[in-house]
Amino acid sequence: MEKISRSIGKKRKRDEDLEAENHQTDETPSLENNLTFSDTMIALRIMHAQFPQIEKVTIQPFVLRSQLYSSVSDRTQVDRELESLKEEKVLRLFKLNSGQDDHAIMFVDDYLKQMEFAVKRMKPRNEDDFVVFDWFKSYVIVSKLDTSIGHQELCSLLSVGGKVKDDHISLLINAGLLTRQLIDSNIYWFAIPNIGSIIKGLSQGRKELLSFLNRRKYKEMLMAPLEKKRLRLSPLDMRFHLRDLIGSGHLKTIHAPTGLVVRVSKD
């Protein structure tokens, strides 16, 4: 009986932790009144500005494609405008290693800052090999706009700068700029350096939020109070996760006399 009481106590403590309100001092508009936008670029700019401050991790703002799907009603429009912005080299898309079909969107200027930070942290055995980062910036990312690149094409583009060695490719991987595909090791995903812990938090935050709502009587809660709650397992804020889960279809919103309601979608 004592074990059961302790178990119930722990569960109640978890709920209380999640219920704790995040008293923010900024004047960010509520998500309920700031959920949808007329076009993709407006949504990107606003979500970029609202990207949470994350302690102990240096990461430039990024937006998930699922978040855009929650904010712009026409998904075809989102995909079309993302493709256009990608071709204009305003932003880049990255396939995230999250176990889901997740794509992060980062403005090119922010990506270059993230890359610069990653390079500064590197300590190669041969500093002359550092030149590969200049080649990567000047010849690869400006001409290859897809989320992945083959080994042969990568070496071909890098060779515009000079003779490519295996150590050069290893440096790009170790810096977090490339990750090998599991299915085909000759193909690399372009990656955002230093994002590993954020992806872990993204997955854990999704589970925590869905678990919290599933334990409620009607698996729902008003958006306004829900938005102010803290998640224990994710460095990303509730606003970030709500946009993501609404866009991916795991949550849905319902207009009620008392305000916008967030409800778990039926399987």
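How much space lies in the second largest pocket? In this predicted model, the answer is about 430 Å³.

So much for volume; now the walls. The second largest pocket has 20 lining residues, and those nearest its centre are K95, L96, N97, T179 and W189. Two elements each give two or more residues to that lining: β5 (178–180) and α9 (196–214). By character, the lining residues split into nine nonpolar, nine polar and two charged.

Let's stay with α9 for a moment. With 19 residues at 1.5 Å a residue, α9 should span 27 Å, and its end C-alpha atoms sit 28 Å apart, which agrees. As for burial, α9 has I198, I199, G201, L202 and G205 buried, along with R206, E208, L209, L210, F212 and L213. Note that the buried list includes R206 and E208.

Now for the loops on either side of this helix. N194 belongs to the loop between β6 (187–190) and α9, while K219 is in the loop between α9 and β7 (220–222). N194 has a positive phi despite not being glycine, and K219 likewise is a residue other than glycine with a positive phi. Here are the two side by side:

| Residue | Phi | Relative accessible area |
|---|---|---|
| N194 | near 75° | 28% |
| K219 | near 55° | 37% |

Are these two loop residues buried or partly exposed? N194 counts as partly exposed because its relative accessible area is 28%, which falls between the 20% and 50% cut-offs. K219, at 37%, is partly exposed too.

Notes. Residues are numbered from 1 along each chain as its sequence is written. This is a predicted model: local features need pLDDT of at least 70, side-chain atom pairs count only at pLDDT 80 or more; totals for chains, interfaces and linings use all residues. Side-chain values use heavy atoms; hydrogens and water are left out. On a 1 Å grid over the protein atoms alone, a cavity is a set of points where a 1.4 Å probe fits but cannot get out, and a pocket is an open set with protein on both sides within 12 Å along at least five of seven lines; lining residues have an atom within 4 Å of a point. Grid points are joined across faces, edges and corners, and a volume is the space filled by probe spheres set on the points. Helices (H or I, at least four residues) and strands (E, at least two) are DSSP runs, numbered from the N terminus. Ala, Val, Leu, Ile, Met, Phe, Trp, Tyr, Cys and Pro count as nonpolar, Asp, Glu, Lys and Arg as charged, and the others, Gly among them, as polar. The expected span of a helix is 1.5 Å times one less than its number of residues. Buried means under 20% relative accessible area, exposed over 50%, partly exposed in between (1.4 Å probe, protein chains only).
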